[in-house]
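Notebook open, model loaded. I want to go through the fold, the core, the ligand surroundings and one hairpin, in that order.

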Amino acid sequence: MFENIEITKTSKKHLKQIYDLYMSILNEKNTMWTVSSIPTVKSLKQSLIDSKTTSFVARLNKDVIGIVVIKKYDGRRSHVGEIGYDVKNEYRNSGVATLLIKNILKELKKTNIKYLIAWTADYNEPSKRMMKKFGFRKAGKIKNGVLKNGKYYDYILFQRAL
Ligand SMILES: CC(C)(COP(=O)(O)OP(=O)(O)OC[C@H]1O[C@@H](n2cnc3c(N)ncnc32)[C@H](O)[C@@H]1OP(=O)(O)O)[C@@H](O)C(=O)NCCC(=O)NCCS
């Protein structure tokens with residue numbers, strides 16, 4: 001574990017560094033990501049800084065090295081939130097995502113969210129491991145929902161009650 005990791009609520013001042021973090025993951029040689037559109041700092045502002053989003057960043061020496069985001073759905077699904085998490089490559093497997101998820105789960109107690117869901121590609125072993133570690137259960141899948149390097153993989157839906 002890295003010392004001096006600081007977990008704080010995501011704010012506008014972190015957006016540029018979050019953008020850099022996402023781009024570094026997108027540019028990984030064998031990226032695990034399944035994003036449908038490439039973010040911009042402007043699109044991140046719209047998606048991260050709004051009343052339906054709860055998000056924390058992990059910072060090391062003021063640099064954003066990880067992020068967790070929960071997006072609350074609307075209307076009759078407003079008791080459901082979708083979680084996503086990302087950590088810079090060089091800081092993985094040291095408990096950063098675990099720390100971020102623990103923090104956001106505490107924060108969720110202040111909201112009306114009753115269920116969390118998450119989507120992950122079947123090839124994403126670290127992400128599936130995170131799901132299991134935090135008590136998510138497989139709730140369904142889109143068969144062959146992800147195409148990676150010319151091969152189809154299932155897109156798995158996980159769910160957990162809070
Ligand atoms: C998924 C991700 C956020 C995990 O972040 P992290 O900070 O490395 O996670 P942690 O160190 O807290 O925990 C990692 C867990 O995954 C396990 N893990 C790490 N690498 C693994 C691998 N290649 N295969 C299987 N399990 C792995 C670790 O053993 C650990 O489990 P444990 O605590 O039970 O031992 C990180 O790998 C990542 O950013 N990946 C790229 C982006 C991504 O895929 N995001 C999720 C999209 S659904």
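How many helices and strands does the protein have? I get 4 helices and 7 strands. A reminder to myself before going on: this is a predicted model.

**Fold and overall shape**

I read the order along the sequence as β-α-α-β-β-β-α-β-α-β-β. The C-alpha trace spans about 40 × 40 × 30 Å along its principal axes. Next I looked up the radius of gyration: the protein has 15 Å, and because a compact globule with 162 residues would come out near 15 Å, the two agree. Buried residues make up 22% of the 162 residues. I also checked contacts between residues at least 6 apart in sequence, and 61% of them join residues at least 24 apart.

**Core**

Which residues have the most contacts inside the largest nonpolar core? My list reads Ile-67, Val-68, Tyr-85 and Leu-100, in a core of 26 residues. At least two core residues each come from helix H1 (15-26), strands S2 (53-60), S3 (63-72) and S4, helix H3, and strands S5 (115-121) and S7 (151-161). S3 gives the largest share, with 6 residues. A general note for the margin: nonpolar side chains tend to be buried together in soluble globular proteins.

I then picked Ile-67 and listed what it touches, leaving out residues up to four places away in sequence. The partners are Thr-10, Ile-18, Leu-21, Ser-55, Val-57, Tyr-85 and Asp-86. Tyr-85 is thus on both of my lists, as a contact of Ile-67 and as one of the residues with the most contacts inside the core.

**Ligand**

How many residues surround the ligand? I count 21, and the closest are Met-32, Arg-92, Ala-97, Thr-98 and Glu-125. By type, the shell divides into 9 nonpolar, 7 polar and 5 charged residues. Strand S4 (80-87), helix H3 (96-108) and helix H4 (125-133) each supply at least two shell residues. H4 has the largest share, 6 residues. S4 and H3 turn up here and also in the core.

**Hairpin**

Last, strands S6 and S7. They run antiparallel, joined by 8 bridges. One pairing I looked up: Lys-141 has Ile-156 in S7 as its bridge partner. The two strands form a hairpin with 2 residues between them, and Asn-149 in the turn has a positive phi of about 50°.

How many of the 12 residues in S6 (residues 137-148) are buried? The count is 0, which I log as hardly covered. S7, its partner, does supply at least two residues of the core.

How values were computed
Residues numbered from 1 in each chain as written. Predicted model: local features only at pLDDT ≥ 70, side-chain atom pairs only at ≥ 80, totals over all residues. Near = placed C-beta within 6 Å. Nonpolar A, V, L, I, M, F, W, Y, C, P; charged D, E, K, R; others polar. Core = buried A, V, L, I, M, F, W, Y, C linked by C-beta atoms within 7 Å. Buried ≥ 20, exposed ≤ 12 C-beta atoms within 10 Å, placed from the backbone. Contact = placed C-beta atoms within 7 Å. Pairing = 2+ DSSP bridges. Rg over C-alpha atoms; globule rule 2.2 N^0.38 Å.
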